[in-house]
Amino acid sequence: MNSSYDIVIVGAGPTGSTAARFAAKNGAKVLLLEKDREIGIPVRCAEGVGEKGILTVVDLEPSWIAKKITGITLNSPSGQTVQIDSNEVGYILDRKRFDYDLAQIAAKEGADVLTKAYVYDLLFDNGTVCGCKVEHLGEKYEIKAKIVIGADGLESRVGRWAGLKTSTSMADMETCAQVTAQNIDVNDNYCHMYFGKDMAPGGYIWIFPKGNGLANVGLGISGIYAKEKPPIYYLDKFLKTHFPKAAILTTVAGGVPCSATLDEIVADGLMLVGDAAHQVNPVSGGGIVNGMIAAKIAGQVAAKAVQENDVSKKRLEEYAKQWYNAEGNKNKLFYKLKNYVFKMTDDDLEETANILLKLPVGKRTLFNIFKSALFKKPSLIMDALKAFS
């Protein structure tokens, strides 16, 4: 670890490692910091990604893939199942290996990587971020940097220290619980989602198969419901009802910001990526691909800004502009759709299932799913069309 870098990145998840990779590849001197002792552990994610999106950022290694997914099932409150076969392939990843290898790729591009490195504050020069304060193995250091990239997750401390508003409203915060369990007997070519107020109010339950009876089973519920009963209550109830022989191997809990992207994701000398910038898909809660797309852009823009010796907020806004053109504008539309869909009553959900079951399987596209769900709100159908175009 040197005392000065072009770019310091806080957080070595997929977004942080991707930002480090592309910044280093474009000529910047980069340091990637991770507070945990080992990159990739613990896993706090359902591990699902779409092939089309992730291949714009990285070529997938077979060792990263736990299971290939060819469709989804949507399960209504009464138990009706709508099967959807998709032309777009999805994957359930092995996040431990995936995250670890992404950091190695960044290192191969020239980035320095340091674990057990806890960032506890930023450095400023006349209001511009110019580095960070780090504790590593009991010693404290000040690391100078022309740009700091915060990839430090939900409620980003890095962003907050720089004066950005990183908080999430209770209504937009999905509080989640997940187990990885054996003896989950489902068709493992599909991801399975369950809806209903008694099962997951303001959210949904997911089963993401990993093969041979192993699966991630979890749920997210709106924060406004979590104060009544925690997500683990609903998850335990679901498992006892549907999979009484499930053997729980791991249990995790956390939050997902299912909101629109933050109003400001850059400041003088600072950028935010991934969950830290609220770049999660507000409907699905998936953030891996969006975060990596944003991180690729951020790394490239940051490296160029350093070369130009201009790290002002105005210069770094190029990253925000490119993000909105790539995915951010779609995320705005998904946020509008989420605010309607997650407020649907169980009767609305049953009626949607009835509409979809009348369609041939080949016609059950994502757009037609949302079109069916929006039968009481036709003004949002054009937003759904734009989101899936």
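In the predicted model, valine 49 stands opposite tyrosine 91 of strand S5. This valine belongs to strand S3, which spans residues 48-50 and pairs with S5 (residues 81-93) in the antiparallel sense over three bridges. Strand S5 also pairs with strand S4 (residues 65-75), again in the antiparallel sense, here over nine bridges. Within the pairing of S4 and S5, lysine 67 is placed opposite isoleucine 92 of S5. Strands S4 and S5 form a hairpin with five residues between the strands, and in this hairpin glycine 79 adopts a positive phi near 105 degrees.

A helix pair was examined next. The axes of helix H7 (residues 288-307) and helix H8 (residues 313-341) come within 8 Å and cross at roughly 160 degrees. Because angles over 145 degrees count as roughly antiparallel, H7 is roughly antiparallel to H8. The crossing in which H7 passes H8 is right-handed. On the H7 side, the contact is made by Asn290, Ile293, Ala294, Ile297, Ala298, Val301, Lys304 and Ala305. Helix H8 contributes Arg315, Leu316, Glu318, Tyr319, Gln322, Trp323, Ala326, Glu327 and Asn331. By residue class, the contact of H7 with H8 comprises ten nonpolar, three polar and four charged residues. Among the nonpolar residues are Ile293 and Val301 of H7 and Leu316 and Trp323 of H8, while the charged residues include Lys304 of H7 and Arg315 of H8.

Technical notes. Residues numbered from 1 in each chain as written. Predicted model: local features only at pLDDT ≥ 70, side-chain atom pairs only at ≥ 80, totals over all residues. Heavy atoms only, no water. Axes fitted to C-alpha atoms, helices over the stretch in contact; angles between N-to-C directions. Helix = DSSP H or I, 4+ residues; strand = E, 2+ residues; numbered from the N terminus. Parallel < 35°, antiparallel > 145°, perpendicular 65-115°, else oblique. Left-handed = near helix turned anticlockwise from the far one by under 90°. Contact = heavy atoms within 4.5 Å. Pairing = 2+ DSSP bridges.
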